[in-house]
Amino acid sequence: MLLTERLVLLLLDPRRGTMQVQGALAAQTLFAAALLADLTLAGRLQALGAEWHQDSAMPLAHPLLAELQRALGMSALPPQRALELARRKLPRLRRRLLDGLARRDLLHRVPRIKWLPRAGHRYPLRSQQARDEVAADLLRAANASEAPSDYALLLLADTAGLLKGLPPAAHGAAYAALGVLDSTSANPVPEMRALALLRRVLLDQ
């Protein structure tokens, strides 16, 4: 499951089947940033000084990541420009992510008004286990961040306003971990350098 899809599960109201982004960013910007983090974790987006570049033209299997690769192209880009491209060239991310999770039976897809399909859909939670696993991953990442995927989950959860729901000790540990990410400009791990650039861009939004 993509990190972006895990973020959707955390943001979803499981009974109402609706999603409200709690942070300062609009959903389109948040999910565009999350897909950039997914591309980083896949080893395809790397930091080159203050810019990102893709190290391979080989498309990834997930259609949204392959679409993002095409949108970014192969030229080096400042992270802000990469975020703008992702936000503009991958439209309706909220709905596309919800529909994708529904196709995999993790969510239900229910018309808002049965006799008026154009009114859109709600997406009540179908797999409580999947949501519980993501919530446990977030708590573990807060208390014992190790891999770049842990830091990516924390930075996106912070952007979405989700860290305030953690227990006090985990809340403090999460921000301590983000402090480590904020100082990783010279980190030897390529994914950490790229994630540090993403965090700076999100803090500037």
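The exercises below, each with a worked solution, deal with helix packing, burial and backbone angles in a predicted model.

**Exercise 1. Helices H1 and H7**

Task: Find how H1 and H7 are oriented to each other, and which residues make the contact.

Solution.
- Step 1. H1 covers residues 3-11 and H7 covers residues 148-159. The two helices pack at an angle of about 45°, and their axes are 11 Å apart.
- Step 2. Angles of 65 to 115 degrees count as roughly perpendicular and those under 35 degrees as roughly parallel. H1 and H7 are therefore oblique to each other.
- Step 3. The crossing in which H1 passes H7 is right-handed.
- Step 4. On the H1 side the contact is made by Leu3, Arg6, Leu7 and Leu10, and on the H7 side by Ala152, Leu153, Leu156 and Ala157.
- Step 5. Sorted by class, the residues of this contact of H1 with H7 are seven nonpolar, no polar and one charged.

**Exercise 2. The surroundings of H1 and H3**

Task: State how many residues of H1 and how many of H3 are buried, and name the elements that the buried residues pack against.

Solution.
- Step 1. A residue is buried if its relative accessible area is under 20%.
- Step 2. In H1, nine of the nine residues are buried, so H1 is largely enclosed by the rest of the structure. Among these buried residues are Thr4, Glu5 and Arg6, as well as Val8.
- Step 3. The buried residues of H1 pack against helix H2 (27-41), helix H5 (93-103), helix H6 (128-143) and H7.
- Step 4. In H3 (residues 63-72), eight of the ten residues are buried, so this helix too is largely enclosed by the rest of the structure. The buried residues are Leu64, Leu65, Ala66, Glu67, Leu68, Gln69, Ala71 and Leu72.
- Step 5. The partners of the buried H3 residues are H2, strand S1 (45-48), strand S2 (51-54), H4 and H5.

**Exercise 3. Two further helix crossings**

Task: Describe the crossing of H2 with H4 and that of H6 with H8, giving angle, handedness and contact residues.

Solution.
- Step 1. The axes of H2 and H4 cross at roughly 115° and come within 9 Å. This crossing is right-handed.
- Step 2. From H2, the residues Gln28, Thr29, Ala32, Ala33 and Leu36 take part in the contact; from H4, Ala82, Leu83, Ala86 and Arg87 do. By class, the residues of the contact of H2 with H4 are six nonpolar, two polar and one charged.
- Step 3. The axes of H6 and H8 (residues 168-182) come within 7 Å, crossing at roughly 65°. The crossing of H6 and H8 is left-handed.
- Step 4. Leu139, Ala142 and Asn143 of H6 meet Ala170, Ala173 and Ala174 of H8. The contact of H6 with H8 has five nonpolar, one polar and no charged residues.

**Exercise 4. Asp158 and Leu198**

Task: Decide whether Asp158 and Leu198 are buried or exposed, and list their contacts beyond four places in sequence.

Solution.
- Step 1. Asp158 belongs to helix H7. Asp158 has a relative accessible area of 17% and is therefore buried.
- Step 2. Beyond its neighbours within four places in sequence, Asp158 is in contact with Leu163, Tyr175, Leu178 and Arg199. With Arg199 there is a polar contact between the side chains, at 3.1 Å.
- Step 3. Leu198 is part of helix H9 (residues 190-203). The relative accessible area of Leu198 is 2%, so this residue is buried.
- Step 4. Not counting residues up to four places away in sequence, Leu198 touches Ala33, Ala37, Trp52 and Leu155. Leu155 and Leu198 are 43 residues apart in sequence, while their C-alpha atoms are 8.9 Å apart in space.

**Exercise 5. Positive phi values**

Task: Locate Arg92, Asp105 and Gly73, and give the phi of each.

Solution.
- Step 1. Most residues other than glycine have a negative phi.
- Step 2. Arg92 is not a glycine, yet its phi is positive, near 55°. Arg92 sits in the loop between helix H4 (79-89) and H5.
- Step 3. Asp105, also a residue other than glycine, has a positive phi near 65°. The loop between H5 and strand S3 (110-111) holds Asp105. Its relative accessibility is 46%, so Asp105 counts as partly exposed.
- Step 4. Gly73 comes just after H3 and takes a positive phi of about 70°.

Conventions
Residues numbered from 1 in each chain as written. Predicted model: local features only at pLDDT ≥ 70, side-chain atom pairs only at ≥ 80, totals over all residues. Heavy atoms only, no water. Axes fitted to C-alpha atoms, helices over the stretch in contact; angles between N-to-C directions. Helix = DSSP H or I, 4+ residues; strand = E, 2+ residues; numbered from the N terminus. Parallel < 35°, antiparallel > 145°, perpendicular 65-115°, else oblique. Left-handed = near helix turned anticlockwise from the far one by under 90°. Contact = heavy atoms within 4.5 Å. Nonpolar A, V, L, I, M, F, W, Y, C, P; charged D, E, K, R; others polar. Buried < 20%, exposed > 50% of the residue type's maximum accessible area, 1.4 Å probe, protein only. Polar contact = N/O pair within 3.5 Å; in protein donor to acceptor, adjacent residues only side chain to side chain.
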